[in-house]
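Here is a short briefing to read alongside the model. Keep the viewer open and follow the topics in turn.

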Amino acid sequence: FLGTSIFTLFVPYLAYYLAGAYINRGAQFGTGPLVFTFALAIFATVLTTAFLVHQGGLEWRWAFYFYEDFSPTTVLATLALFMFALAWQWPPSIARAAHLLAPYTFGVYVAHPMIVECLRYAYHLWTPFLFRPVFYVPVTFVLTLALTTILVMLIRHLPFLRTVV
């Protein structure tokens, strides 16, 4: 067992980063096979999870294995979705927005857990009703994305911190 910290949380995801870099540098796939692969991975995830929950119940440690970050179906779906996003012909306005936000994405990914924890603390103090999933998921998603992007944009303007994000 190794303790985790804000400095080591990214380590298990290195394979995703490397696969993304490899794919981004030249893997060529048509969108049809990618949509099929993504749909197949999602179908396999739902089917196997339903089977495992049926066999062991909701509390069984393996019941939600196929929803974990490193399960085979999650890895397959993630890579297929990434390749599909690269292969798709996006409208010019979306392509421009993606190009504008691209330099901030890694920083947003690295910093977002800090913002999520701050939001959870704030909800606990001021708005406990936001802990209900119907509110928590969309509100936390939008606030985390906005606040983390602003934070990273500000950090990138400080010469001594620019390389951090």
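Among contacts in the protein chain between residues at least 6 apart in sequence, 59% join residues at least 24 apart. This is a predicted model, and its secondary structure comes to six helices and zero strands. Along the sequence the pattern reads α-α-α-α-α-α.

**Overall dimensions and surface**

- The C-alpha trace spans about 50 × 45 × 35 Å along its principal axes.
- The protein chain has 165 residues, of which 22% count as buried.
- About 12200 Å² of the protein chain is exposed, and carbon and sulfur atoms supply 75% of that area.

**The largest nonpolar core**

- Six residues make up the largest nonpolar core: Ile-115, Val-116, Leu-119, Tyr-123, Leu-130 and Tyr-136.
- Helix 5 (residues 105–126) provides the largest share of this core, with four residues.
- In soluble globular proteins, nonpolar side chains tend to be buried together.
- Tyr-136 is a good residue to click on: leaving aside residues up to four places away in sequence, Tyr-136 touches Val-116, Arg-120, Tyr-123, Leu-130, Phe-131 and Phe-141.

**A nonpolar patch on the surface**

- Phe-10, Val-11, Leu-14, Phe-106, Tyr-109 and Val-110 make a nonpolar surface patch of about 480 Å².
- Helix 5 gives the most to this patch, with three residues.
- Val-11 sits in the segment before helix 1 (14–24).
- With a relative accessible area of 42%, Val-11 is partly exposed, because that value falls between the 20% limit for buried and the 50% limit for exposed.

**Aromatic pairs**

- The structure holds 12 aromatic pairs.
- One of them joins Tyr-13 and Phe-70 in a tilted arrangement, 5.0 Å centre to centre with 45° between the planes.
- Tyr-13 lies in the segment before helix 1 and Phe-70 in the loop between helix 2 (31–56) and helix 3 (72–87), so this pair ties together parts that are 57 residues apart in sequence.
- Phe-70 is partly exposed, at a relative accessible area of 42%.
- Phe-129 and Phe-135 form an edge-to-face pair, with centres 5.8 Å apart and 85° between the planes.
- Both rings of that pair belong to partly exposed residues: the relative accessible area is 47% for Phe-129 and 30% for Phe-135.
- Ring pairs also link Tyr-13, Tyr-16, Tyr-17, Phe-70, Phe-106 and Tyr-109 into a cluster.

Definitions and conventions: Residues numbered from 1 in each chain as written. Predicted model: local features only at pLDDT ≥ 70, side-chain atom pairs only at ≥ 80, totals over all residues. Heavy atoms only, no water. Core = buried A, V, L, I, M, F, W, Y, C linked by side-chain atoms within 4.5 Å. Buried < 20%, exposed > 50% of the residue type's maximum accessible area, 1.4 Å probe, protein only. Helix = DSSP H or I, 4+ residues; strand = E, 2+ residues; numbered from the N terminus. Contact = heavy atoms within 4.5 Å. Patch = residues over 30% accessible without salt bridge, like charges linked within 9 Å, V, L, I, M, F, W, Y side chains within 5 Å. Areas by Shrake-Rupley, 256 points an atom, 1.4 Å probe, with all protein chains shown as cover. Salt bridge = Lys/Arg side-chain N within 4 Å of Asp/Glu carboxyl O. Phe/Tyr/Trp six-rings, centres within 6.5 Å; stacked < 30°, edge-to-face > 60°.
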